[in-house]
Amino acid sequence: MEEDGTVHAVAEGTATITATANGLSKTCIVTVTQASMSGFGSKATEFSKGSYFVNVELKNANNISMASSAAKALELVGTLEVEEDGSATLTTKWVPISFGSISASIQTLEVYETTKAPQAEDTSNAIAVDSNGYASFAIPSAVKNQDGIYVRVSGQGMPIKPYAFIAIDYEGASDISFVEQSYTVVKGVDKVFKVDLLNNTTATFATTGSELNIKSSDSNSVTVTGVRAGTSTISATSLVSGKKVSIVVTVVDKDALNHAITSAKSILEDANNIYTSASKENLSAAIKAAEAVKNKEESTQAEIDAQVLALSTAKNNLVKNIVLTVNKSALKDMLASAKAINNANGMYLTASFTNLKNAIEAAQIIYNNENATQNEVDTKVLELKNAIDALQKSSISLNQTEATIYTKSGTTTVTFVATVVGDNQNVTWTSSNKAIAKVDNRGVVTAVSEGTVTITAFANGVSANAQVTVKAPSLTLAKTSGVVAVGGKFTIEANSDPSSKITYKTSNKKVATVNEKGVVRGVKKGSAKITVTANGISKTFKVTVKKQTLKLKKSSATVTAGKTIAIKATASPTGNITYKSNNKKVATVSSKGVVKGIKAGTATITVKCNGVSKTFKVTVKKQTLTLKKTSATIKVGKTVKINATASPKGSITYKSNKESIATVSSKGVVKGVKKGTAKITVTCNGVSKTFKVKVK
């Protein structure tokens, strides 16, 4: 016994432990016994605390001598963990199986404490099969003395949930004296394991799972090949002592990783400038990390899978360089347009056309350059456009675009002056019809015959036109005869083309005279001929001189002050008739012979034409208006007529100031509308009277 109170067993027996402090004591009786052994199975096989390999088989629950329909799902070696108190835990390994065309995997065990095939009402303890296929459960104390445990298996793809019996070979169990937990084998790669069976030199080897394949073995070594990813146990059993050694081996599958690395490298080799540098560097780093895991002997499947995922992510995260497609269609079109321009006959000024040629050459270089940028292309398009717009055409203009010349008399020629902008100042002249007009090399056009021609001036491939009209000289008279009164006059209307001086000459000055402006005056009754001459052309105008007569339709009239009347006068021959009042305070007269009364009285209007006079007497009277009655009384709906007299006679109007009480017609008939009083205003030529009407 130690000072801190720890008691160590030395041998079987009983001892009293006394603890004393401050004069007080307490005792404790300790019994030491031999460690107990646990008995398992029908033969009460005893185990000390430890780990053991046991053979297991899945049997039919109703006939444990027969294999279960799911027998192939259970690997034939299990692990038994025995505790000091005699309790034990069995660990089994389950693998996928097939039922015909159906694939299934065990996911759950229902463990029963029965000593015979379980029934539906029996209770059970559900045990889950982990992701690696292992299921561990305690051996119920109630069934320790039988050679196995009743279970019910179920899982994904299972057509039924069969009851079964896990037969356990307790008697053939062997202790696990050595386990290598850290070995890893790559799928498809051979690996040699050496086992230490102490003094034993010969052993047999077996594997508990399908992940490994034993390729070969000798007395104390085994060569295995990884078949598929997963964990399996190699058991080595001494042929001398039966002692066992187990090695837990994890098989990792690097096929996907190898493929991912190859694929990623291929992408990088072919990438060129497709992807951005940063994303390619990221993929390179992922390849490097993946190769490190690939070359690592003890890489776990999780590490391998992580690198496969990392490579996939790096590939998916590759970022393509933005490749801008350069569109040269506009440049192509602009080049075609520019090249189509030629400088035949020096149409364009040399400097501007040279500038265009230089722009075409520069643009063609960019068009042919596969590495040209869009900005360079667009710049050349603009430069070509500007060069085309800046082309300065040679030009030619004329001092006039139309002219008229004459076959004889007047202007028979016209000279055109050409202004040329261009390298060649020589001008060529042509006429569209030399039979009408001809032009010389100085631009002088000469009339030949009547008609119209186009005169064209050419220089530097450009031209200018002018229209020339050739006419015969002419003299036209608006009228060829006229009548004039003795003492009267009129003007002969004559026009000459081209405009020139017109002369006039009378054949008989005693009858009619004519001045240089063509004004003819009648002298005495008779006839004469006026000869009109211009542009070498003469025409005759016949003039007849008659004695002037003047007639008035009426020689007098009466008009009311403020009113008008018209004097109707007829002159023969027709001439200018004038009107004049001798008393404008009584009556006035217009140039048209309209007389207007001003106030009461008389006036004489003198009417004249070419020295002949007539008089027209006008009497102006004051307007009077009288009413026979000035008032009346009528009933509603009844009428009364207003009797009005105007002197001189004129139009009389009537108007009611209250039509809601009494109305009045244009004839002066008043009608009562409703009770009341209204006033009717009677008017004639500015004179008004009032008629009062009362309606009852």
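**Briefing: salt bridges, charged patches and backbone oddities**

There are 10 salt bridges in this structure, a salt bridge being a side-chain nitrogen of Lys or Arg within 4 Å of a carboxyl oxygen of Asp or Glu. The model is a predicted one: local features need pLDDT of at least 70, side-chain atom pairs count only at pLDDT 80 or more, and totals for chains, interfaces and linings use all residues. Numbering runs from 1 along each chain as its sequence is written, and side-chain values use heavy atoms, with hydrogens and water left out.

**The chain as a whole**

- Six helices and 56 strands make up the secondary structure of the chain; these are DSSP runs numbered from the N terminus, with helices being H or I of at least four residues and strands being E of at least two.
- Of the 696 residues in the chain, 36% are buried. Buried stands for under 20% relative accessible area, exposed for over 50%, and partly exposed for what lies in between (1.4 Å probe, protein chains only).
- About 39600 Å² of the chain is exposed, and carbon and sulfur atoms supply 49% of that. Accessible areas come from the Shrake-Rupley method with a 1.4 Å probe, and for residues only the protein chains shown count as cover.
- Take the contacts between residues at least 6 apart in sequence: 58% of them join residues at least 24 apart. A contact here is heavy atoms within 4.5 Å.

**Salt bridges**

- Glu 171 and Lys 43 pair up through their side chains at 3.1 Å, N to O. Glu 171 sits in strand 14 (residues 163–186) and Lys 43 in the loop between strand 3 (38–40) and strand 4 (45–47), so this pair ties together parts that are 128 residues apart in sequence. Both Glu 171 and Lys 43 are exposed.
- Lys 380 and Glu 383 meet at 3.0 Å, N to O. Both belong to helix 6 (residues 374–389), where they are three residues apart, about one turn of the helix. Lys 380 counts as buried because its relative accessibility is 17%, while Glu 383, at 35%, is partly exposed.
- Asp 440 bridges to Arg 442, with the closest N and O atoms 3.0 Å apart. Asp 440 is partly exposed at 24% relative accessibility, and Arg 442 is exposed at 59%.
- Lys 187, Asp 253 and Asp 255 are joined into one network by salt bridges that share partners.

**Charged surface patches**

- Glu 81, Glu 83, Glu 84 and Asp 85 form a negative patch on the surface. Patch members have over 30% relative accessible area and no salt bridge; like charges are joined within 9 Å, and nonpolar side chains (Val, Leu, Ile, Met, Phe, Trp, Tyr) within 5 Å.
- As for charges, Lys and Arg count as positive and Asp and Glu as negative, with His and the chain ends not counted. Each charge is placed at NZ of Lys, CZ of Arg, CG of Asp or CD of Glu.
- Glu 84 is in the loop between strand 7 (77–82) and strand 8 (88–93), and it counts as exposed because its relative accessibility is 60%.
- A positive patch brings together Lys 635, Lys 638, Lys 658, Lys 679, Lys 692, Lys 694 and Lys 696. Lys 635 is in the loop between strand 49 (631–634) and strand 50 (639–641), exposed with a relative accessible area of 58%.

**Backbone oddities**

- Most residues other than glycine have a negative phi, and most peptide bonds are trans.
- The Asp 497 to Pro 498 peptide bond is cis, with omega near 5°. Pro 498 belongs to the loop between strand 33 (494–497) and strand 34 (503–506).
- Ser 572 to Pro 573 is also a cis peptide bond, with omega near -5°. Pro 573 is in the loop between strand 42 (569–572) and strand 43 (577–581).
- Ala 44 isn't a glycine, yet has a positive phi of about 50°. Ala 44 is in the loop between strand 3 and strand 4 and is partly exposed at 44%.
- Asn 610, not a glycine either, has a positive phi of about 50°. Asn 610 is in the loop between strand 46 (601–609) and strand 47 (612–621), and is partly exposed at 28% relative accessibility.

**A buried strand residue**

- Thr 223 is part of strand 18 (residues 221–226), and at a relative accessible area of 16% it is buried.
- Leaving out residues up to four places away in sequence, Thr 223 touches Asp 190, Lys 191, Val 192, Asn 213, Ile 214, Lys 215 and Ser 216.
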